[in-house]
Amino acid sequence: MLTKVILETSDPMSFDIRGADSTEIITVKSISGLLPGDLTLFTGELARNGGYYQGRRAGKRTPVFTFNLNPDYENDISVSDIREMLYRQFYEPQADSDGIQVVFQDDKKPDRYLVCYVEKWQEDLFSKDTVVQISTVCVDPFLYSVDRVEESDVNGWVSTNVTYDGSAETGLEVTLKILIA
């Protein structure tokens, strides 16, 4: 079960899902769209009956985050202050990227992440209901493991087994650094 969501931005923010404290100034009400997107099938038609299959591609994910904003007027934290905090998290996540790395912590699986881009912000500014809904798009639809594996051997070849916990069948990203003496 999902226990925590972490926004890895220039000013990281985490949200407890299980046992969330309703007195926190921002709580996650729901996150939808985390299931894999639809597959796009590439098929062709024959001049006669039937057709042929050319392959498929995983579609993008479209997570939608719904937050409750809980002002703390005793400590001079208004709804507009909280809204600005979320603006910075989602609209200006990092100096060098528009993407937001969202880490999901689960009680059964290792930490995994997606990279999301904000598509739409929905909120009724003049309502008593202080709910914000932020729609995002993940153009890379796969969940990646947060855990990095690093190996080095200055004397020659390195052989190592890697445990992969992501959702892509071939979700391995390799960076090689070659030092020439």
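**Entry 1: Asp107 and Arg18**

I started with the side chains of Asp107 and Arg18, which meet in a salt bridge at 2.3 Å, N to O. The cut-off I use for a salt bridge is a side-chain nitrogen of Lys or Arg within 4 Å of a carboxyl oxygen of Asp or Glu. The pair links distant parts of the chain: Asp107 sits in the loop between β7 and β8 (112-122), Arg18 in the loop between β2 and β3 (26-32), and they are 89 residues apart. My helices (H or I, at least four residues) and strands (E, at least two) are DSSP runs, numbered from the N terminus.

Note to self on provenance: this is a predicted model, where local features need pLDDT of at least 70 and side-chain atom pairs count only at pLDDT 80 or more, while totals for chains, interfaces and linings use all residues. Residues are numbered from 1 along each chain as its sequence is written, and side-chain values use heavy atoms, with hydrogens and water left out.

Are the two partners buried or exposed, or in between? Asp107 is partly exposed with a relative accessible area of 39%, and Arg18 is partly exposed with 43%. For the record, buried means under 20% relative accessible area, exposed over 50%, and partly exposed in between (1.4 Å probe, protein chains only).

**Entry 2: the other salt bridges**

How many salt bridges does the rule give? The count comes to three.

Lys4 and Asp16 make one of them, at 3.7 Å, N to O. Lys4 belongs to strand β1 and Asp16 to strand β2, 12 residues apart, so to speak of distant parts of the chain is how I logged this pair.
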